[in-house]
Each structure stands twice: as structure tokens, then as C-alpha cells.
Amino acid sequence: MHEYSIVASLIDLCEKEAKKHHAKAIKRLVISVGRLSGIEIHFLEQCFDTFKENTICHDATLIVELCEVVLLCSKCHEKSVVSENHFICPKCHSEDVAMVGGQELHVNSIEIIEEER
Ligand SMILES: [Zn+2]
């Protein structure tokens, strides 16, 4: 149910953006979601479509970009993208790694439709 609150705050953000730029609607919303963020992307898109009715986002398209998992090794200081959930540095095989990417949720861009004058 986490997705509902994410969608609510995304729409909230769009409303604020629209107000700031005197937009009449939102055209496109691009977000990045980390592969290990725990967010169900299909469910998120579904929620967005349900919630967007009667909001500034009613005609908006939600585009979700998936972010890979990035590890930072504290031994060799290399940053590596890992495709599997093995938290081991691919360079030096150290297990002393920190996840620096893959859990995020970012808003990349909000495209607006400007008010006609
Ligand atoms: Zn390493």
C-alpha cells in the first residue's frame, strides 16, 4: 500500500509545480525508481491512473525509469553496477560494500501544459 502514498505525493508535487508555472495541466511525469526500492512499478502505474482523475494529472503519462543497483566498495573504492542481488564487489570480491543506488525514488521531470492566454 506504500504505492498509494507515493502516488499521492507525486500528484501533490505536480499540483504545486503547475501552480508555480500557471500550468493548466501536466503532460508527462518522469520518475526513476531503484530496482531494490521495494516499489511495485506496475502497481504504481495502476495507482497513478486511478488517482489522476480529477487532478491536475488527469491527462498525464507516468514514465518510470528503473535504476540499477550500484555498490560502493570500501576496500577498493570502486563503484559497480550489479545485476544480481549479490552484495560483493565485482572488482576485488570484498563484501564490505555499501549500496549507493538502487533504492531511490526520484522525480526526473515534470512536463506541463501552459495556460492559454
Ligand atoms: Zn572492491
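What share of the 117 residues of the protein counts as buried? In this predicted model, the figure comes to 34%. The accessible surface adds up to about 7,500 Å², and carbon and sulfur atoms hold 50% of that area.

As for overall dimensions, the C-alpha atoms fit in a box of roughly 60 × 30 × 15 Å along the principal axes. The radius of gyration is 18 Å, whereas a compact globule of 117 residues would come out near 13 Å. Turning to the fold, the protein has 2 helices and 6 strands, and reading from the N terminus the elements go α-β-α-β-β-β-β-β. Looking at contacts between residues at least 6 apart in sequence, 69% link residues at least 24 apart.

Then there is the metal site. The zinc ion takes its protein donors from Cys73, Cys76, Cys89 and Cys92, each through SG, at 2.3 Å. Along the chain these donor residues follow the spacing C-x2-C-x12-C-x2-C. The arrangement is tetrahedral because the 4 donor atoms subtend angles of 105 to 114° around the zinc ion, and every angle in a tetrahedral set has to fall between 85 and 135 degrees. For reference, the ideal angle for four tetrahedral donors is 109.5 degrees.

How buried or exposed are the donors Cys73 and Cys76? Cys73 has a relative accessible area of 2%, so it counts as buried, the cut-off being under 20%. Cys76, on the other hand, sits at 29% relative accessibility and is therefore partly exposed.

Note on methods. Residues numbered from 1 in each chain as written. Predicted model: local features only at pLDDT ≥ 70, side-chain atom pairs only at ≥ 80, totals over all residues. Heavy atoms only, no water. Donors = N, O, S within 2.8 Å, 3.2 Å for Na, K, Ca; no water. Tetrahedral: all angles 85-135°; square planar, octahedral: opposite > 155°, others 65-115°. Buried < 20%, exposed > 50% of the residue type's maximum accessible area, 1.4 Å probe, protein only. Helix = DSSP H or I, 4+ residues; strand = E, 2+ residues; numbered from the N terminus. Rg over C-alpha atoms; globule rule 2.2 N^0.38 Å. Contact = heavy atoms within 4.5 Å. Areas by Shrake-Rupley, 256 points an atom, 1.4 Å probe, with all protein chains shown as cover.
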